[in-house]
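Please work through the exercises below with the sequence and the model open beside you, trying each task before you read its solution.

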Amino acid sequence: MKNLILEMEEYAKEHNVPIIEKESIAFLMKFIKQHDIKNVLEIGSAIGYSGILMASSSRQVKVTTIERDETNYMEALKNVKKCGFEGKVTVVFQDALELNLAEGTEYDLIFIDAAKGQYKKFFEKYKYFLAPGGAIITDNLKFHGYVGKSDKIESKNLRQLVGKIEGYIDFLKTNEEFDTEFLDIGDGLSVSVRKNDEK
């Protein structure tokens with residue numbers, strides 16, 4: 001398992017595939033253990049790195065992870081098979097905004113780490129599948145230090161993307177349905193829990 005993790009890190013570096021920062025995945029794995037999480041939905045598999053590590057954090061946890069890029073999807077499938085996690089990690093080849101989950105499907109944890117400009121849409125679509133007491137965690141809210149400095153960014157595309165992340169942060173801060181805690185971990189994480197859920 002350790003060798004596979006190192007292989008995946010090497011592959012991500014070589015092929016320029018963004019994977020979760022070590023500090024952030026360590027937080028997620030601890031969160032899964034502490035909150036006795038059994039079902040995780042991950043939006044954005046990439047090569048399966050975070051999905052596999054989340055699945056390894058406790059015996060009972062199962063991860064469903066969604067990926068729309070075919071090369072990444074095939075790589076994720078290969079990695080899941082290599083570590084013998086076929087029964088624990090399900091990789092779905094689909095655009096997360098087009099996927100329709102079965103009614104009554106529930107997840108204790110929803111992890112958003114896909115197209116940054118679509119964060120709000122992912123949140124709005126998948127919050128209905130959050131189990132009572134569950135959490136929605138979002139990654140990359142600092143976006144390499146650009147967030148909060150969009151007025152200084154010269155590239156129009158980058159400025160627009162950072163603007164969308166800033167808009168998502170405002171959406172979380174003012175959301176009347178969820179309480180959100182922002183954590184200065186890795187590239188910036190948020191943990192959102194329904195206000196009417198018992199702690």
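The exercises that follow go from the sheet to the helix contacts and then to single residues.

The model is a predicted one, in which local features need pLDDT of at least 70 and side-chain atom pairs count only at pLDDT 80 or more, whereas totals for chains, interfaces and linings use all residues. Residues are numbered from 1 along each chain as its sequence is written, and side-chain values use heavy atoms, with hydrogens and water left out.

**Exercise 1. The sheet**

Work out in what order the strands of the sheet lie, and which strands stand at its edges.

Solution. Begin with the elements themselves: helices (H or I, at least four residues) and strands (E, at least two) are DSSP runs, numbered from the N terminus. Two strands pair if DSSP finds at least two bridges between them. On that basis 7 strands form an open sheet with mixed pairing, in the order E3-E2-E1-E4-E5-E7-E6. Strand E3 (89-93) and strand E6 (178-183) each have a single partner strand, so one side of each is left without a neighbour in the sheet. On average, and with direction ignored, neighbouring strands are turned by 15 degrees against each other.

Next, take the pairs that involve E7. Strand E5 (residues 130-138) and strand E7 (residues 189-194) pair in the antiparallel sense over 4 bridges, and Ile137 stands opposite Val191 in E7. E6 and E7 also pair in the antiparallel sense, over 6 bridges, with Ser190 of E7 as the bridge partner of Phe182. The hairpin of E6 and E7 has 5 residues between the strands, and in this hairpin Gly186 takes a positive phi near 55 degrees.

**Exercise 2. Helix H3 and its partners**

Compare the contacts that helix H3 makes with H2 and with H1: at what angles do the axes cross, and which residues meet?

Solution. Axes are lines fitted to C-alpha atoms, for helices over the stretch in contact, and angles run from 0 to 180 degrees between N-to-C directions. The axes of helix H2 (residues 22-34) and H3 come within 9 Å and cross at roughly 35 degrees. This crossing of H2 and H3 is right-handed, meaning that the near helix is turned clockwise from the far one by less than a right angle, while an anticlockwise turn would make a crossing left-handed. With contact taken as heavy atoms within 4.5 Å, Lys22, Ile25, Leu28, Met29 and Ile32 in H2 meet Tyr49, Ser50, Leu53, Met54 and Ser56 in H3.

Turning to H1, its axis and that of H3 come within 10 Å and cross at roughly 160 degrees. H1 and H3 are therefore roughly antiparallel to each other, a term for angles over 145 degrees. Their crossing is left-handed, and Ile5, Met8 and Glu9 in H1 meet Tyr49, Ile52 and Leu53 in H3.

**Exercise 3. Helix H1 against H4**

Describe how H1 and H4 pack, and name the residues that make the contact.

Solution. Helix H1 (residues 2-14) and helix H4 (residues 70-82) pack at an angle of about 165 degrees, with their axes 11 Å apart. That makes H1 roughly antiparallel to H4, and the crossing of H1 and H4 is right-handed. The contact is made by Leu4, Glu7, Met8 and Tyr11 of H1 together with Thr71, Glu75, Asn79 and Lys82 of H4.

**Exercise 4. Val61 in its loop**

Is Val61 buried or exposed, and which residues distant in sequence does it contact?

Solution. Val61 is found in the loop between helix H3 (49-56) and strand E2 (62-67). Its relative accessibility is 0%, so Val61 counts as buried; buried means under 20% relative accessible area, exposed over 50%, and partly exposed in between (1.4 Å probe, protein chains only). Leaving aside neighbours within four places in sequence, Val61 is in contact with Ile32, Ile37, Lys38, Val40, Met54, Ala55 and Lys88. Val40 is 21 residues apart from Val61 in sequence, yet their C-alpha atoms are 7.4 Å apart in space.

**Exercise 5. Positive phi outside glycine**

Find where Asp36 and His144 lie, and state how exposed each one is.

Solution. Most residues other than glycine have a negative phi. Asp36, although not a glycine, has a positive phi of about 55 degrees; Asp36 lies in the loop between H2 and E1 and is partly exposed, with a relative accessible area of 41%. His144 likewise has a positive phi, near 55 degrees, and is found in the loop between E5 and helix H6 (156-173). At 57% relative accessibility, His144 counts as exposed.

Key. Angles under 35 degrees count as roughly parallel, over 145 as roughly antiparallel, 65 to 115 as roughly perpendicular and the rest as oblique.
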